[in-house]
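These are my notebook entries on one protein chain, written down in the order in which I looked things up.

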Amino acid sequence: MSRLKQLLAIGALAAAAFVVPDASAGQFHIEVVSKGFQHDFWKQVNRGCTEAGKEFGATVNFVGPASESNIAEQIDQLSNAVNKRPSAICFAALSPESSIDLVFQAADGKIPVITFDSDIGPAAGDAVKAFVATDNKDAGAAAAQQMYDALKAKIAASSQPVHIGVLSQ
């Protein structure tokens, strides 16, 4: 699944490149405010952002709070990102309600905001230019198909019932 996480990050940066007027010139800076670094998920997102930055010719600054419960730290990081006046901000909100004013401030400053992983919702109106997330239903279907393809010969050859378990986070 780590490739899916990297694709999520690449999708967020690709959306940023799409909405930034000077992105085609390859001269843009993206601030990424994640939910943290403590889980492998966010490490993979960071890796994907780094790869996408290289691919799209962007400089990328990836930050996140020490824990996913530290909303105040993330809000400070988002505020710092807005104050840097980047070409775009990619943002995974811990608390949509706490971040909405800063999202509007970014939009007022003509800084495109692309949310990923967590949507801010309709309260953001046009302030959010794109939302990027994994479609869990499609991802689950793809994983099930790959599992079946890998196991179908063993299933067909078995004289006993086959039980398959799925553990989900």
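**Entry 1: the cores**

I began with the inside of this predicted model, and I found that the largest nonpolar core has 18 residues, with Leu78, Ile89, Phe91, Val103 and Ile120 having the most contacts inside it. I then looked up which elements give two or more residues to this core, and they are α3 (71-83), β3 (88-91) and α4 (96-108). I also noted another core lying apart from that one, with 15 residues, among them Phe28, Ile114, Ala130 and Val132.

I picked Leu78 to follow further, and, leaving aside its neighbours within four places in sequence, I found Leu78 in contact with Val33, Ile89, Phe91, Ser99 and Leu102.

**Entry 2: the chain as a whole**

Next I stepped back to the whole chain, which has five helices and five strands, and which, read along the sequence, follows the pattern α-β-α-β-α-β-α-β-β-α. Of the 169 residues in the chain, 40% are buried. I looked at contacts between residues at least 6 apart in sequence, and 64% of these join residues at least 24 apart. For the surface, I noted that the chain exposes about 9600 Å², of which carbon and sulfur atoms supply 53%.

**Entry 3: the salt bridges**

Side chains of opposite charge can pair when their charged atoms come close. How many salt bridges does a search of the whole structure find? The search finds two.

In one of them, Glu31 is bridged to Lys84, and the closest N and O atoms are 3.6 Å apart. I checked where these residues sit: Glu31 lies in strand β1 (residues 28-33) and Lys84 in the loop between α3 and β3, so the pair ties together parts that are 53 residues apart in sequence. Is Glu31 buried or exposed? Glu31 counts as buried because its relative accessibility is 2%, while Lys84 is partly exposed, with a relative accessible area of 48%.

The other bridge joins Lys35 and Asp117, whose closest N and O atoms are 3.1 Å apart. This pair also links distant parts of the chain, 82 residues apart, with Lys35 in the loop between β1 and α2 (40-56) and Asp117 in the loop between β4 (113-116) and β5 (128-132). I noted that Lys35, at 12% relative accessibility, counts as buried, whereas Asp117 is partly exposed, with a relative accessible area of 30%.

**Entry 4: the aromatic rings**

I then searched the whole structure for aromatic pairs and found three. One of them is formed by Phe41 and Trp42, which are edge-to-face, at 4.6 Å centre to centre and with 85° between the planes. I compared how covered these two residues are: Phe41 counts as partly exposed at 22% relative accessibility, but Trp42 counts as buried at 2%. Ring pairs also bring in Phe116, so that Phe41, Trp42 and Phe116 are linked into a cluster.

**Entry 5: a patch on the surface**

Last, I went to the outside of the chain and asked which residues make a nonpolar surface patch of about 240 Å². They are Met147, Val162 and Ile164. Looking up Ile164 on its own, I found that Ile164 lies in the segment after α5 (136-157) and that, with a relative accessibility of 45%, Ile164 counts as partly exposed.

Methods. Residues numbered from 1 in each chain as written. Predicted model: local features only at pLDDT ≥ 70, side-chain atom pairs only at ≥ 80, totals over all residues. Heavy atoms only, no water. Patch = residues over 30% accessible without salt bridge, like charges linked within 9 Å, V, L, I, M, F, W, Y side chains within 5 Å. Areas by Shrake-Rupley, 256 points an atom, 1.4 Å probe, with all protein chains shown as cover. Salt bridge = Lys/Arg side-chain N within 4 Å of Asp/Glu carboxyl O. Helix = DSSP H or I, 4+ residues; strand = E, 2+ residues; numbered from the N terminus. Buried < 20%, exposed > 50% of the residue type's maximum accessible area, 1.4 Å probe, protein only. Core = buried A, V, L, I, M, F, W, Y, C linked by side-chain atoms within 4.5 Å. Contact = heavy atoms within 4.5 Å. Phe/Tyr/Trp six-rings, centres within 6.5 Å; stacked < 30°, edge-to-face > 60°.
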